[in-house]
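Let us walk through this structure step by step, beginning with a single side chain and moving outward to the elements that surround it.

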Amino acid sequence: MPIGLQPTAADRSTLPNEPQAVVEAFLAALADHDVDTARALVDDDILYVNVGLPAVRGREQMDKVFALLDRPSSDFEVYMHSISADGKTVLTERTDVLVAGPLRAQFWVWGRFDVVDGKIVLWRDSFDFLDIVRGTLRGALAMVVPGLAPLPPRGDNDPPGR
């Protein structure tokens with residue numbers, strides 16, 4: 001995925017099976033608010049972990065996560081800096097943006113996805129809590145002083161999350 005461009009979700013009739021393509025399609029679907037495609041790409045027994053926070057286990061709990069991202073006042077953007085696959089495991093370094101109403105928080109994320117038979121069985125994200133606090137504070141300040149809003153990454157020289 002080119003840096004700075006929003007990916008597009010995969011056509012549901014041709015969902016990918018290769019691990020890296022599955023992860024790319026999954027993140028694109030989340031960014032496109034395409035919950036049906038995102039849901040189709042995760043296993044019924046998925047384990048979703050934001051390191052340091054409680055784990056989300058199984059389809060029912062994952063559907064609650066999808067519902068949070070599918071609200072009209074929320075948005076999700078993803079900017080891929082690097083992605084690599086080794087067998088069933090896909091590693092990502094990316095900038096994620098969470099939007100809640102007028103608040104836009106942009107921060108660095110490292111992710112691991114394990115994909116079996118075209119389905120994500122493990123999604124583990126790691127991040128720096130200080131970076132999230134900084135990104136959220138910057139987003140809050142930008143609501144008052146728009147010039148402080150972070151720009152989406154434009155290329156390899158832009159640090160993730162900044």
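Which residues does Leu 27 touch, once residues up to four places away in sequence are not counted? In this predicted model, Leu 27 touches Phe 76, Val 78, Met 80, Arg 94 and Phe 113. Leu 27 is also one of the residues that touch the most other members of the largest nonpolar core, a set of 26 residues in which Phe 26, Leu 30, Met 62, Phe 113, Ile 120 and Trp 123 have that standing as well. The core draws at least two residues from each of α1 (19-31), β1 (42-50), α3 (58-69), β3 (74-86), β5 (103-116) and β6 (119-126), and α1 gives the most, with eight residues. In soluble globular proteins, nonpolar side chains tend to be buried together.

The wider frame can now be set out. The secondary structure of the chain comes to four helices and six strands, and from the N terminus on the elements run α-α-β-β-α-β-β-β-β-α. Buried residues make up 43% of the 162 residues in the chain, and among contacts between residues at least 6 apart in sequence, 54% join residues at least 24 apart.

The six strands form an open sheet with mixed pairing, in the order β2-β1-β6-β5-β4-β3. Because β2 (56-57) and β3 stand at the edges, each with a single partner strand, one side of each is left without a neighbour in the sheet. The partner of β3 is β4 (residues 89-100), and these two strands pair in the antiparallel sense over twelve bridges. Along this pairing, Phe 76, which is among the residues touched by Leu 27, stands opposite Leu 98 in β4, while the bridge partner of Tyr 79 is Thr 95. Two residues lie between β3 and β4 in their hairpin, where Gly 87 in the turn has a positive phi of about 65°.

On its other pairing, β4 meets β5, again in the antiparallel sense and over twelve bridges, with Arg 112 in β5 as the bridge partner of Leu 91. The hairpin of β4 and β5 likewise has two residues between the strands, and here Gly 101 takes a positive phi near 60°.

What of the helix α3, which also supplies residues to the core? This helix has twelve residues and reaches 17 Å from its first C-alpha to its last, close to the 16 Å expected at 1.5 Å a residue. Its buried residues are Gly 58, Arg 59, Met 62, Val 65, Phe 66 and Leu 69. Because they cover an arc of only 115° around the axis, these residues are on the same side of α3. The face turned away from this buried side carries the exposed residues Glu 60 and Lys 64.

Aromatic side chains give a further view of the same structure. Phe 66 of α3 belongs to one aromatic cluster together with Phe 26, Tyr 48, Phe 113 and Trp 123. The structure holds six aromatic pairs, including an edge-to-face pair formed by Phe 127 and Phe 129, with 5.1 Å centre to centre and 80° between the planes. The two rings of this pair are not equally covered: Phe 127 counts as buried because its relative accessibility is 15%, whereas Phe 129, with a relative accessible area of 43%, is partly exposed.

Definitions and conventions:
Residues numbered from 1 in each chain as written. Predicted model: local features only at pLDDT ≥ 70, side-chain atom pairs only at ≥ 80, totals over all residues. Heavy atoms only, no water. Core = buried A, V, L, I, M, F, W, Y, C linked by side-chain atoms within 4.5 Å. Buried < 20%, exposed > 50% of the residue type's maximum accessible area, 1.4 Å probe, protein only. Contact = heavy atoms within 4.5 Å. Pairing = 2+ DSSP bridges. Phe/Tyr/Trp six-rings, centres within 6.5 Å; stacked < 30°, edge-to-face > 60°. Expected span 1.5 Å × (residues − 1). Arc of directions from axis to C-beta.
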